[in-house]
Amino acid sequence: MELFEHRDVPLRPGPVRTILAVDDSRTNLGVIGRRLAHLGFLTALSDNGAEALDLIAARGFDLVLLDMIMPRMSGVAVLHEIRSNPETRDLPVIMLTGRSDPAAAVEALAAGADDHVAKPFAFEVLAARIERTLARARRINELKRSNAALDARIAARAMELGEMRSELAETRADRMRLIASIQALNDQVERLNLNG
């Protein structure tokens with residue numbers, strides 16, 4: 001694995017984002033790594049699918065650029081592994097391929113890729129797609145956090161409601177016992193009045 005990090009100030013403010021680029025061509029990896037580093041990304045490089053899965057499991061990434069056609073383990077097989085793991089199911093993946101036919105795009109998207117880019121590509125197009133995919137992933141994560149907070153509030157309210165129902169049931173039971181006691185006292189008073 002190689003790591004590219006551009007030491008100048010990133011072009012975008014905020015935390016450094018990490019990208020894993022996976023391609024069986026070391027030449028392609030080197031070019032992608034340098035270009036992404038210049039855009040302010042911390043980029044890890046892998047030339048095979050098995051290593052890529054190990055890296056994803058070990059450290060996590062903000063996005064994966066994945067070559068579709070690789071020896072031993074194809075990009076589609078790697079993507080299936082990513083999507084089948086609950087820990088990485090929502091990891092953004094852009095599939096890169098030398099195939100320019102529409103079937104390649106359909107196959108990549110059907111396998112769960114967030115986007116598909118045919119090689120050769122203009123790097124500016126890839127950079128724009130990376131930004132769009134990361135922005136969408138950020139919005140999805142914000143929605144997940146909001147949903148989790150709402151779920152927690154709903155659970156807390158449900159517990160409060162359950163406690164209130166329990167208190168209400170106890171109050172009703174106390175009221176029924178009190179009514180029964182008052183009735184018993186009234187009955188006693190009436191008997192005493194009849195006898196007296």
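How much space lies in the second largest pocket? This tour of a predicted model begins there: the volume is about 160 Å³.

**First selection: the second largest pocket**

Please select D23, T27, N28, V31, I32, R35, K119, P120, F121 and F123, which line the second largest pocket. Sorted by class, this lining comprises 5 nonpolar, 2 polar and 3 charged residues. Next, highlight helix α1, which spans residues 26-38. Helix α1 gives the most to the lining, with 5 residues.

**Second selection: T97**

K119, one of the lining residues of the pocket, is also among the residues that T97 touches. Proceed therefore to T97, given that its relative accessible area of 0% makes T97 a buried residue. T97 is found in strand β5, residues 93-97. Display the surroundings of T97: leaving aside residues up to four places away in sequence, T97 touches D67, M68, I69, A104, H116, V117, A118 and K119. Then show the side chain of T97 together with the backbone of R99; the T97 side chain reaches the backbone nitrogen of R99 at 3.1 Å.

**Third selection: R17**

The last stop is R17, located in the loop between β1 (2-4) and β2 (18-22). Is R17 buried or exposed? With a relative accessible area of 12%, R17 counts as buried, because this value is under 20%. Finally, add E131 to the selection and display both side chains. The side chain of R17 makes a polar contact with the side chain of E131, at 3.1 Å.

Terms used. Residues numbered from 1 in each chain as written. Predicted model: local features only at pLDDT ≥ 70, side-chain atom pairs only at ≥ 80, totals over all residues. Heavy atoms only, no water. 1 Å grid on protein atoms, 1.4 Å probe; cavity = no way out; pocket = protein on both sides within 12 Å on 5 of 7 lines; lining within 4 Å. Points joined across faces, edges and corners; volume = space filled by probe spheres on them. Helix = DSSP H or I, 4+ residues; strand = E, 2+ residues; numbered from the N terminus. Nonpolar A, V, L, I, M, F, W, Y, C, P; charged D, E, K, R; others polar. Buried < 20%, exposed > 50% of the residue type's maximum accessible area, 1.4 Å probe, protein only. Polar contact = N/O pair within 3.5 Å; in protein donor to acceptor, adjacent residues only side chain to side chain. Contact = heavy atoms within 4.5 Å.
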